[in-house]
Amino acid sequence: MKLKVDIDPDIVAMMAAEVAAGERAVTAAMREAGTGLKSAWRLQITGAGLGTRLANSIRSQNFPRSGESLDAAALVWSKAPVIIGAHDTGPLIRSKNGFWLAIPLPAAGKSLRGGRITPGEWERRRGLRLRFVYRRTGPSLLVAEGRLNTKGQAVVSRSKTGRGKVTAPIFLLVPQVKLPKRLDLARDADRAFDSVPGLIVANWLEERI
């Protein structure tokens, strides 16, 4: 017995159309999930008080970069992964050389490079020497002999009489610091992942309407 099967061209066209609809639905779903996760992470970062600059380090990219595919994917990442990771995990930070971490006090001012100033940069800029003060209870200090300017920062005293001269604490010295966990990026990532099937179905149904 010999069987012959003829495939209706209409069925072939319908199957091809269904595959194309699936490609569009999956691609759109991954684009929505990736964009949503990027927005959620940025909102979480600004909500934690870490600023819009760090929030804007969160980027996303869709794959394929053009066209549609059933294997579409979205990548969300940060251009400042070390900083983001630290706020996400809340690590214990120790000095690299095994001594002290120097935490600048208000009298230290800011670094010219942005962020926290170091003892070495402070001495070069201020022209003052820092002196170590050990304390049995509480953090030890780095202090300087000078005067406080209108911004409350320690500077060289030009007074010949010593008027206004103070011993100003410039840095706190601690052996380690526990950075508080301020982010929960995995929570938003899990939500984005769980939303993908529903987004695919929603976009596929939209194709039929």
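**Exercise 1. Which residues line the largest cavity?**

*Solution.* Start by listing the lining: Thr27, Met30, Arg31, Asn62, Phe63, Pro64, Ala72 and Ala73. (On a 1 Å grid over the protein atoms alone, a cavity is a set of points where a 1.4 Å probe fits but cannot get out, and lining residues have an atom within 4 Å of a point.) Before going on, note that this is a predicted model, where local features need pLDDT of at least 70 and side-chain atom pairs pLDDT 80 or more, while totals for chains, interfaces and linings use all residues. Residues count from 1 along each chain as its sequence is written, and side-chain values use heavy atoms, without hydrogens and water.

Next, sort the lining by element (helices, H or I, of at least four residues and strands, E, of at least two are DSSP runs, numbered from the N terminus). Two or more lining residues come from each of α1 (9-47) and β1 (58-63). The largest share belongs to α1, with 3 residues.

Then sort by chemistry: you get 5 nonpolar, 2 polar and 1 charged. (Ala, Val, Leu, Ile, Met, Phe, Trp, Tyr, Cys and Pro are nonpolar, Asp, Glu, Lys and Arg charged, the others, Gly among them, polar.)

Finally, the size: the volume of this cavity, meaning the space filled by probe spheres set on the points, is about 30 Å³. The count of cavities of 30 Å³ or more comes to 1.

**Exercise 2. Describe the largest pocket and the elements that line it.**

*Solution.* A pocket is an open set of points with protein on both sides within 12 Å along at least five of seven lines. The largest pocket holds about 580 Å³ of space. Its lining has 18 residues, and Ile93, Leu101, Ile103, Arg116 and Leu179 are the ones nearest its centre. The elements that give two or more residues to this lining are α3 (81-89) and β4. By chemistry, the lining splits into 14 nonpolar, 3 polar and 1 charged.

Now follow those two elements. In α3, the buried residues (under 20% relative accessible area, with over 50% exposed and anything between partly exposed; 1.4 Å probe, protein chains only) are Ile84, Ala86, His87 and Asp88. Right after α3 comes Gly90, with a positive phi of about 65 degrees. As for β4, this strand runs antiparallel to β8 and is joined to it by 4 bridges (strands pair if DSSP finds at least two bridges between them). Leu101, one of the residues nearest the pocket centre, has Val174 in β8 as its bridge partner.

**Exercise 3. What does strand β6 pair with, and over how many bridges?**

*Solution.* Take the partners one by one.

- β5 (residues 131-133) runs antiparallel to β6, joined by 3 bridges. Val133 has its bridge partner in β6, namely Leu141. The hairpin leaves 6 residues between the strands, and there Gly138 has a positive phi near 95 degrees.
- β7 pairs with β6 over 2 bridges, in the antiparallel sense. Leu148 is matched with Ala154 in β7. This hairpin has 5 residues between its strands, and Gly152 in the turn has a positive phi of about 80 degrees.
- β8 is antiparallel to β6, with 7 bridges joining them. Here Ala144 sits opposite Ala168 in β8.

Helix α4 belongs in this picture too. The buried residues of α4 (residues 119-126) are Glu121, Trp122, Glu123 and Arg126. They pack against β6 (140-148), β7 (154-155) and β8 (166-174), where contact means heavy atoms within 4.5 Å. Just past the helix, Gly127 has a positive phi of about 70 degrees.

**Exercise 4. How many aromatic pairs does a search of the whole structure find?**

*Solution.* The search gives 1 aromatic pair. (Rings of Phe, Tyr and Trp, the latter by its six-membered ring, pair if their centres lie within 6.5 Å; planes under 30 degrees apart are stacked, over 60 edge-to-face, the rest tilted.) The partners are Trp100 and Phe132: their ring centres are 6.3 Å apart and their planes stand at 45 degrees, so this pair is tilted. Trp100 lies in the loop between β3 (92-94) and β4 (101-104) and Phe132 in strand β5, so the pair ties together parts 32 residues apart in sequence.

Last step: buried or exposed? Trp100 is partly exposed, at 38% relative accessible area. Phe132 is partly exposed as well, at 41%.
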